[in-house]
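Subject: A structure for you to look at

Hi there,

I am handing over a structure for you to explore. Please open it beside this email and follow along as you read.

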Amino acid sequence: MATETKGKIGVLIEEHFDQTEFRRFNEYFPVQGYQVEYISHLWNNPELTFGANPDTGVVEDHVTVTTEINDVAPADYKGIICIGAYATDRLRYQVSVNKGQKNQAPAVVFLRKALQIDGLKIGTICHSLWLFCADSDLIKGRKVTCAHNIICDVENAGGEVIYDGDATADLVIDGNLISAKHPGVVDEFMEVFVAEIQKQEKMQKVPVGKSSFV
C-alpha cells in the first residue's frame with residue numbers, strides 16, 4: 001500500500017452508479033498514491049448517501065458524499081472521472097430550464113470549467129458521456145468510446161465514436177479526455193488514466209540547473 005500522497009482524483013457520482021468501477025477505483029487509485037474523493041450536488045444537505053446499480057437484485061454498495069460540487073474547483077484535483085451507469089444522467093438534471101439556455105446543472109457547469117484547464121485529465125467510462133451530452137460544446141469533435149447503449153446520444157451531441165470492428169473501441173485517448181467502453185475494461189482504463197496524469201506532471205516539471213564547483 002502506497003503511503004505517499006500524490007493528490008486527489010475527483011469522481012463525480014450520484015444514485016445508480018456502477019459498482020464494479022466504484023470498487024476498483026477504491027482499490028487501485030490509493031495504491032498508486034492518489035486519494036479518491038467523491039463529488040456530487042448535495043441539494044443543501046451536509047451529505048447524501050447514494051446506492052449502486054442493483055446488479056444482483058440487491059444494492060450492494062453505498063457511498064456517503066460530503067463534497068458539494070459547487071464548493072470545489074477542478075484545479076483541486078489531479079484528474080476528474082465521471083463514473084458509469086446512470087449516475088451521470090441524474091447529475092445533468094436541472095430544476096428550472098429556459099429555452100435556448102445551456103444546461104446549468106452544477107455538474108455540467110463543473111465539467112465546463114474542468115475542460116478549460118490545460119492538461120487536467122478527465123475520464124469517462126460506459127454511460128458517463130451522458131454528462132457531456134448535456135451540452136454539445138463539451139463533446140463536439142472529440143474522439144471517444146462509450147457503451148453501445150448511448151452511441152446515438154454521443155454522436156448526436158457531436159462526438160466522434162471510435163469503433164473496433166462491430167463494437168466500440170475499448171479505450172480512446174483524445175488529448176486530456178480518456179474514455180473507456182464499459183466496466184469490463186476498468187483496469188486498463190485506470191492504468192492509462194494514472195499514466196496520463198504522470199505524463200502530464202513530467203511535462204510540467206521545470207528542469208533545475210545544477211552548478212558544480214571545482
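Below is what was found in it, starting with a pocket and moving on to salt bridges. Please keep in mind that this is a predicted model.

**The pocket**

Let's begin with the largest pocket, which holds about 170 Å³ of space. Which residues line it? From the earlier part of the sequence come Ala75, Tyr77 and Lys78. Then there is a run made of Ile117, Asp118, Gly119, Leu120 and Lys121, and the list ends with Ile197, Gln200, Glu201 and Gln204. Helix α5, covering residues 186-204, gives the most to this lining, with 4 residues. Sorted by class, the lining has 5 nonpolar, 3 polar and 4 charged residues.

**The salt bridges**

How many salt bridges does a search of the whole structure find? The total is 15, and here are three to look up.

Start with Glu60 and Arg23, whose closest N and O atoms are 2.7 Å apart. Glu60 sits in the loop between β3 (48-51) and β4 (62-65), while Arg23 belongs to helix α1 (residues 19-31), so this pair ties together parts that are 37 residues apart in sequence. Are these two buried or exposed? Glu60 is partly exposed, with a relative accessible area of 41%, and Arg23 is also partly exposed, at 33%.

Next, find Asp187 and Arg24, which form a salt bridge with their closest N and O atoms 2.7 Å apart. This one links distant parts of the chain: Asp187 is in helix α5 and Arg24 in helix α1, 163 residues apart. Asp187 counts as partly exposed at 36% relative accessibility, and Arg24 counts as partly exposed at 23%.

The third pair is Asp135 with Arg112, where the closest N and O atoms are 2.9 Å apart. Asp135 lies in the loop between β7 (121-125) and β8 (143-144), and Arg112 lies in helix α3 (residues 106-115), so the bridge ties together parts 23 residues apart in sequence. Both Asp135 and Arg112 are buried. They also belong to a network: salt bridges with shared partners join Lys102, Arg112, Asp135 and Asp137.

**Where to look**

If you would like a route through the model, go to helix α5 and its contribution to the pocket lining, then to Asp187 in that helix and its partner Arg24 in helix α1. After that, visit the network that includes Asp135 and Arg112.

Enjoy exploring!

Best wishes

Technical notes:
Residues numbered from 1 in each chain as written. Predicted model: local features only at pLDDT ≥ 70, side-chain atom pairs only at ≥ 80, totals over all residues. Heavy atoms only, no water. 1 Å grid on protein atoms, 1.4 Å probe; cavity = no way out; pocket = protein on both sides within 12 Å on 5 of 7 lines; lining within 4 Å. Points joined across faces, edges and corners; volume = space filled by probe spheres on them. Helix = DSSP H or I, 4+ residues; strand = E, 2+ residues; numbered from the N terminus. Nonpolar A, V, L, I, M, F, W, Y, C, P; charged D, E, K, R; others polar. Salt bridge = Lys/Arg side-chain N within 4 Å of Asp/Glu carboxyl O. Buried < 20%, exposed > 50% of the residue type's maximum accessible area, 1.4 Å probe, protein only.
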